[in-house]
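Please open the structure in a viewer and keep the sequence at hand. The tour below proceeds by selections, each followed by an account of what is found there.

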Amino acid sequence: MRKVSKQNIKEAVGVPANIEVASQNLYNDIAKKLKNKEIGPEDVVKFKFINKDGRYSFGDFKPKFITVEFGLATYSGDAIDNSTGNKITGGLVHSMGFSRQSKLNDVFDLVSVGDDGGIELNIDYAQPNDDEEWSGNKILDTMEKNKSNSISSLGHELKHAYDNFKKPTEKVVDRSNYSGFQRSRSGVRPMDQFMFNMYFINQIENLVRPTESYVEMVSDGVVTKEQFLKFLLNSKTYKTLVQIRDSSFDTLVEDLKGYETEIDDYLNNTVDNYDSSSLDIDDKVKYFLKVFAFATARKVHEVRKQLLTPVTNLFQMLFGGNDNPEADKFLDSTLGDLVKMMDNPNKFYYTSIENMKKIAIKMMKKLSKLYSLINKDKTITVETRDPMSFEMDQLYRKITKKNNNIIDTKIDERFLKKK
């Protein structure tokens, strides 16, 4: 198991030192590998980068190497940029990820394992299904179209790796909530936006947001206060936080009423013998909120069971039977939040939104402090002047006074009055 350093590294606003340099270096090296590379849709596109001379080191993290594997896929129909509403044409880098191997300890915590000292990253690329030409240059062109965002996304994933390095233990409940909420979607836009917000504002993601924004800020060449303000207010991260801050349960309910067809489609595919004609739109929304909460709770529960499967399978191999009493007991102990979600779905939505709003405000304040990092490398000149003699000292003071460089040390007469 990797040994975690206890050295206290100071991180301004949660951004490890030099992570922007490591992200830029990694992007440049990926670009070199992709350029003019011939690939096919079935190829495994995987690169390994050795951390020579600290090229990918940041904070107190010095990975031995970084592997980057591209997942290749196709898409059909129109891809829309949600921030602009514009149609996206050509290739898409639609997600990046950080992978790690974990085992369960005696108290069912997930503990990172492996002592190879590397970082595994994944980049998912897709292009239209009617485009049969594949090449490294196409992937690179896609990444270059929004270079600063590509670099910041790499910084995002490197920060995930850093967080795992600093804290290699994770609660099963925390990971299952994160993964379950991320996977739970309905095809009904307002609800899917709510679930995306739940993922976006999760503590696992909050740890990396300042780094993601800072790396993008540096890549964009932000140096002045005016540039920083413009960058911040127009960044996707800040806009998403504003949207979360301004959300409410009442707004969610009202927005859902505009998606009756999509709600019917979801309920038809989820509930046996659902009759869309038996409910008006208000009752449909209420029913949809209940069904989706139940489905999401089951999704989270399934993730928890999957995470415990290695332990259960080992127990079956050793003792036979279908259950591991200890794992089952632990799983049962985690049901409280899911039962509450199913018993009172409206309270789940309302409480989740109110909590997200509070966290969003805190994150917006934290991101505003990134400006302090822009000029963090500026220096203050501290001089030591040694006069050659008393006469030279007197001459020096006359010169500095004439040039108005001497500090005013006049005493306010109020300090001299007798009390």
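In which loop is serine 184 found? Serine 184 sits in the loop between α4 (172–183) and α5 (189–200). Please bear in mind throughout that this is a predicted model.

**First selection: serine 184**

Select serine 184 and display its surroundings. Its relative accessible area is 4%, so serine 184 counts as buried, the limit being under 20%. Leaving aside residues up to four places away in sequence, serine 184 touches Met195, Phe292, Thr296 and Lys299. Now add threonine 296 to the selection: the side chains of serine 184 and threonine 296 make a polar contact at 2.8 Å.

**Second selection: aspartate 60 and lysine 166**

The tour turns next to charged pairs. Side chains of opposite charge can pair when their charged atoms come close. A search of the whole structure finds 17 salt bridges. For one of them, select aspartate 60 and lysine 166, whose side chains meet at 3.1 Å, N to O. This pair links distant parts of the chain, 106 residues apart: aspartate 60 belongs to the loop between β1 (45–50) and β2 (65–75), and lysine 166 to helix α3 (residues 147–166). Is each partner buried or partly exposed? Aspartate 60 is buried, with a relative accessible area of 9%, whereas lysine 166 is partly exposed at 29%.

**Third selection: glutamate 170 and arginine 100**

Proceed to glutamate 170 and select arginine 100 with it. The two form a salt bridge in which the closest N and O atoms are 2.2 Å apart. Glutamate 170 is in strand β9 (residues 169–171) and arginine 100 is in the loop between β5 (92–99) and β6 (102–104), so the salt bridge ties together parts that are 70 residues apart in sequence. Glutamate 170 is buried, with a relative accessible area of 13%; arginine 100, at 25%, counts as partly exposed. Then extend the selection to Arg175: Arg100, Glu170 and Arg175 are linked in a network of salt bridges.

**Fourth selection: glutamate 205 and arginine 209**

Finally, select glutamate 205 and arginine 209. Their side chains meet in a salt bridge at 3.4 Å, N to O. How accessible is glutamate 205, and what is the corresponding value for arginine 209? Glutamate 205 has a relative accessible area of 1% and is buried. Arginine 209, at 4% relative accessibility, likewise counts as buried.

Conventions
Residues numbered from 1 in each chain as written. Predicted model: local features only at pLDDT ≥ 70, side-chain atom pairs only at ≥ 80, totals over all residues. Heavy atoms only, no water. Helix = DSSP H or I, 4+ residues; strand = E, 2+ residues; numbered from the N terminus. Buried < 20%, exposed > 50% of the residue type's maximum accessible area, 1.4 Å probe, protein only. Polar contact = N/O pair within 3.5 Å; in protein donor to acceptor, adjacent residues only side chain to side chain. Contact = heavy atoms within 4.5 Å. Salt bridge = Lys/Arg side-chain N within 4 Å of Asp/Glu carboxyl O.
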